[in-house]
Every structure is written in C-alpha cells, then in structure tokens.
Amino acid sequence: MTLSAQGLSVQFGARQVLHDTGFGALRQGQLTALIGPNAAGKSTLFRTIAGLIKPQSGTVSIHGQDLAQLGVKARLDRVCFMPQFFTANAALSVFDVVLMAQKQLAGWRVSTDDMTAVAQHLHNSGIGHLAEANIGELSGGQAQLVSVCQALTRKADVYLFDEPTSALDLRHQLEVMTRIRTAIKDRNAIGIVALHDLNLAARYADHLLLIGNGKIRAQGAPAEVLSDPLIAETYEVAIETAQGPRKELNVHAYVEHSAA
Amino acid sequence: MVDLSSDQDVAVSALVHGYKSRNARRAALLLAVLAALCLLVIVDVMTGPARLSFADVLSVLFNPSAATAQQKVIIWDLRLPIALMALCIGAMLGIAGAGMQTILNNPLADPFTLGLSSAASFGAALAISLQWSLIPGAGVYFITGNAFVMAMLTSLALYGFTRLRGVTPEAMILVGIAMLFTFNALLALLQYGASELELAQIVFWQLGSLARASWGKVLTCVVVLAIVLPYFMSQTWSLTALRMGEEKAASLGVNVSVLRLTVLAGVSLLAAVAVSFVGAVAFVGLVGPHIARIVVGEDQRGFLPLSAFAGALIMAGTSIASKAITPGVIYPIGMITSLIGIPFFISLILSQRQRHWQ
C-alpha cells in the first residue's frame, strides 16, 4: 500500500495555493515529515489529501485507487487528519473528546470495551490525569497532546498530523514524535507529519517532503533532502548539517546577510 | 515489566471507573429531573381557582371512574392539557435552543434572537388586525397558522443564507437579529393601524399564554417531537464533534454543511410550532441549554435530554406561577419566564467558574 499524489492544484479565489504538484509513493510503516516555510501550502496539502478541499485538478491515490471516488465518510475512515487547531471553549471533558474518536461518531451506547480503549489511549499518551479536565481549561501544549491522542485513537490507513509539536516542551516533543513513529510502524500505516523543526524531522522521519510556494520541491531520505541546495533556497537561509553527539543528524540554519 | 503492565491496568481501570461513575451520576440526575417534572405536572393541575388536593388529582388521573363529573372536567379537559402543553413547549424550545447554539456555535442563539418569535408575532398580528389568513381554509386556527407560516418562512430565509458561499455562523446570527428588528418594525406598523380591541388582542398574543392549550395541540407537539428527536439523537456524536470547531468535526467525518442544514430544519419546525401555539415566550430556548451545559457539559447524550428537561421544568414552573401569584388571575407566561427566570439564571452564571464561551 502506498500513498501518492499527482498534479494537485488548489485555488482559493484568486490565490493559488498548490501549483500542479504531487509526490511519489509514500510507503507503509514509514513516517514522512512535510517541511517547508510558513504559508508554503502544508495545511492545504493535508486538507486536500483528507478530502476536506476539492482540488481544481489532480488526484490523490492509495495504492492506485483514486480517493476522489470514495464518499466523504469512507475517505475519512481511511485518512485520519489532525488539524492544527481546535476551538476549546466547549464544555467537554478530555475523556469525552477521545471517546468521540473511539466511537467514530456512531452508536449511542458506550460499551466497557470502548471506555477501556479510551482509558488505555489516555494513559499511553500520558494524559490520564487530565481525563476529567474540561478541554477549555487545558494549556496549549495539553490541548495538543489531547489532539494527538484523539487522532491516534482512530484506525486509518493514512495519518496526517499538522504540526503536532508546535506548543510542546522538549520532552513532550520527543515523546509525541516517538509515539507517532511507533504507532505508524505498529499499524503498518502511512504517516505524514508537518514540522517546523528540521531537527525533529531529521531525527524521526524516514522520509522528507519539502514544500515551498505551493510545490513539492524535493522528496527523499532526510540526509539527502537536508543537504540538497533546494532546501536553503526554499527556506531562504543557509543550511548546514552535522552529526550530533549520538550520531543523529543535526541541522543548523544561518541567515546570510547580503552585502548591500 | 509485569509490574509496569499491572500499574497500567490499575490506572486504566481507575479512568474507566471514573467515567462510569460520572455517567451514572448523569443518569441519576436525569431521572431525578424527570421525577421532578412529573411532580410539577401534578402541582400544576392542583393549582387554580377550584382547589384540588394532591390525592384528588392522583385519584382522578389514575382512576377516572371514581371522580365526580366536575373534577373530571376540571382536570381532564381544562388543566391537564395546559400542564402537558407547558412540558411539551418547554422541551421543544429547550431542544431548539440547544440545536441552534450548537450548529451556530453561539451562546446567544435561540428562536427569539434568530427572529422566529417576532416573525410568528407578526404573522399573528396579520391575522388579528387585517384578518389575512396565510393558509387558506385554516378556519379558527388562522392566527396559529399565520404565526407558523411566518416562522417557517423566516427559517427558510435563514436556510437560504446558509447556502450562500462564505456565510459564517456569526453572520447567521447577525442576519437573525436583522430579521428580529424587521419583524418588530412591521409589527409596530400593524399595531399603529389597529383598533383598540385588535391592539389588545395582538399584545395579549405576544405576551404568551398557555390558555390556548388543547389535546389536539398537545398531540401535535408530541408528533413534532417524535419526528425531530430521533434524528437529533442519531446525530449526537456529530453535534458534539461540531463543538470542537468546524475543521475538527470535518476531519472526524462530519459533513458539517449537511448537519447544519438538517438540524436547522428540525429546530425551525420545533420553534415554529411552539411559538405559534403559545406566543412569543422568550428566555426558555436560551436558558434551558445553558443550564444543561453547566450541569452535565456538552456531551450531547446528556446535553440534549437535559436541555429538553430544563426547558420543560422552566415552563412547568411558569405555568404554576402564572396561576398562583394572584389567585383568580392568570399572568402572561412570557413575562414570568423572564422575570423569575433571569435572576435565577444570573446567579447560576455567577456561581460557575468555568466559562464555556470566550
């Protein structure tokens, strides 16, 4: 099973966000990091894959099957998308929110199995102590942990995470990335994570997708993509990579001051 | 390793236990409110010019053959339809408010603020002052019929607005408020040209009254509830998901625009029927859901029933108060819901710590 996209164009009014772009086969059990500067089209690409936006042209396919042929519901059963933000002013507990994903929006009755599954997910995500907390009372980081937990509760073939670590402290960043990578491996699913932190991308991803100005610029193993001159051009900074103290790939960025 | 997994088991079962006990508490609360509602119906039937004791009411209700003819008429023909009507209208307005607040993501949404009530008042005024009937052959029900038609037309207009591209829930509320002022102005125009007698009738209609209750109307309310409620119940998770934001709901598989439209249709039917039967009763549709939200939160499996019960509780209390304040006088219910309900509501808001709308 692989995920690929060809010729995607998305336009909002006069503004073109994705320009006739696509990516080659992403494999099962692999975690891909989608990297690129602000407003490059990362969220739009995710929404297009999830089917929340209809592209003006192009296709997204899982193992050769065009996802556009599936209904909205069937498509979302195969593709699980975690949006970047959720409004958290509702009077719902963290348990309710994860239960909602466990129930896949169907069936009034909640069985003990459902409750146990939700409790296990909460515990494994390290947010068991927040189960009864109201989602409106959570800090930004806690809300993000809940959001990741909710997404991982669902069963899907493809998981898309839009910046799951942007509000987290160091330890939680590493924990969440480990959890996502393990889940993708264990479920033999296809995972894409949009990240701003290139070091996290280098350490956790098996594969990188570089997007800039609405086009996928490069695709490949982290070491290759990160040393490609395209990445410096896309981010408009100079990028150097080095080996870290534990043989991990470290990425360093420098702003080049022009002589003028 | 073994210790670790048993640690996990303990933590997991504690979480499950916590959720179960919260569920049990919620179920017990709903049952208690239901019992309180039954009690209020009996008290409602007891209250009125002809004094009846609790025992009298029970015996007439459960053993009609033993009652005197006079008691039977008072209870079965006069007071019971009013008491049941109060429950039904309260439940309908509570559910309508809950649905509107959820799909429009706005704490101020209710049949009143979206202009449905003033549209209904305008329809009734058309009937009273100009003798126009919007439904041919409506006969004696032409005032109710007009109110219903105007309320439904207004929600059709709102429905039309949601179909326009780029109309946000916030814009919908503004459109509703625009409707409210439009119909109030039109109503004022009709009142200006009306005779004294007609004016009194229009004002009386607007203030709201349960005195127009009948078994036929109670049955209509029950039928409407029986049509709308099962649909709302089938959408509970989707509605709960919608409260986390449109994108989150959509990513969980909710077809947001279809859900908004169908729930708006159901809500309009509930509100139009309720308002055309008893007049413009403010406050119930707004406050019922807020009470439910404060007490059980917004998991719709608890929120929806409790919104209905809270609405019914307010209306039943209002019905009793309207008769009990001055013996022999029946006050308009619209006034009472506002005057008695608002202090209670404000104290509830001040006593709660969490703010669910920021």
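**Two chains, term by term**

Q: How many residues of chain B are in contact with chain A, and what makes a contact?
A: 34 residues of chain B are in contact with 36 residues of chain A, where a contact needs C-beta atoms, placed from the backbone, that lie within 7 Å. This is a predicted model, in which local features need pLDDT of at least 70 and side-chain atom pairs count only at pLDDT 80 or more, while totals for chains, interfaces and linings use all residues. Residues are numbered from 1 along each chain as its sequence is written, and chains are lettered from A and ligands numbered from 1 in the order in which they are written.

Q: Which elements of chain B give two or more residues to the side that touches chain A?
A: They are helix H1 (2-46), helix H9 (236-242) and helix H10 (246-251) of chain B. H1(B) gives the most, with eight residues. Helices here are DSSP runs of H or I with at least four residues, strands are runs of E with at least two, and both are numbered from the N terminus.

Q: What classes of residue make up the side of chain B that touches chain A?
A: This side has 13 nonpolar, 13 polar and eight charged residues. (Ala, Val, Leu, Ile, Met, Phe, Trp, Tyr, Cys and Pro count as nonpolar, Asp, Glu, Lys and Arg as charged, and the others, Gly among them, as polar.)

Q: At what angle do helices H5 and H6 of chain B cross, and what is that arrangement called?
A: The axes of H5(B) (residues 142-163) and H6(B) (residues 169-193) come within 10 Å and cross at roughly 150 degrees. H5(B) is therefore roughly antiparallel to H6(B), a term for angles over 145 degrees. Axes are fitted to C-alpha atoms, for helices over the stretch in contact, and angles run from 0 to 180 degrees between N-to-C directions.

Q: Which residues meet where H5(B) packs against H6(B)?
A: B:Thr154, B:Leu158, B:Phe161 and B:Thr162 in H5(B) meet B:Met172, B:Val175, B:Gly176 and B:Met179 in H6(B). By class, this contact has five nonpolar, three polar and no charged residues.

Q: How do you know whether the size of chain A agrees with that of a compact globule?
A: For 260 residues a compact globule would have a radius of gyration near 18 Å, and chain A has 19 Å, so the two agree. The radius is taken over C-alpha atoms, and the globule rule is 2.2 Å times the number of residues to the power 0.38. Those atoms fill a box of roughly 65 × 45 × 35 Å along the principal axes, and chain A has nine helices and twelve strands.

Q: What makes E2 and E5 of chain A edge strands?
A: The open antiparallel sheet has the order E2-E1-E4-E5, and E2 (15-27) and E5 (65-66) each pair on one side only. Pairing needs at least two bridges found by DSSP. E1(A) (residues 2-12) has seven bridges to E2(A), and A:Val10 stands opposite A:Leu18 in E2(A). Five bridges link E1(A) to E4(A) (residues 57-62), where A:Ala5 stands opposite A:Val60 and A:Leu3 has A:Ile62 as its bridge partner.

Q: In which order do the six strands of the open mixed sheet of chain A lie?
A: Their order is E6-E7-E8-E3-E9-E10, with E6 (79-82) and E10 (215-220) as edge strands. Neighbouring strands are turned by 15 degrees against each other on average, direction ignored. E3(A) (residues 31-35) and E9(A) (residues 207-212) run parallel, joined by four bridges, and A:His207 in E9(A) is the bridge partner of A:Thr32.

Conventions:
Parallel < 35°, antiparallel > 145°, perpendicular 65-115°, else oblique. Contact = placed C-beta atoms within 7 Å.
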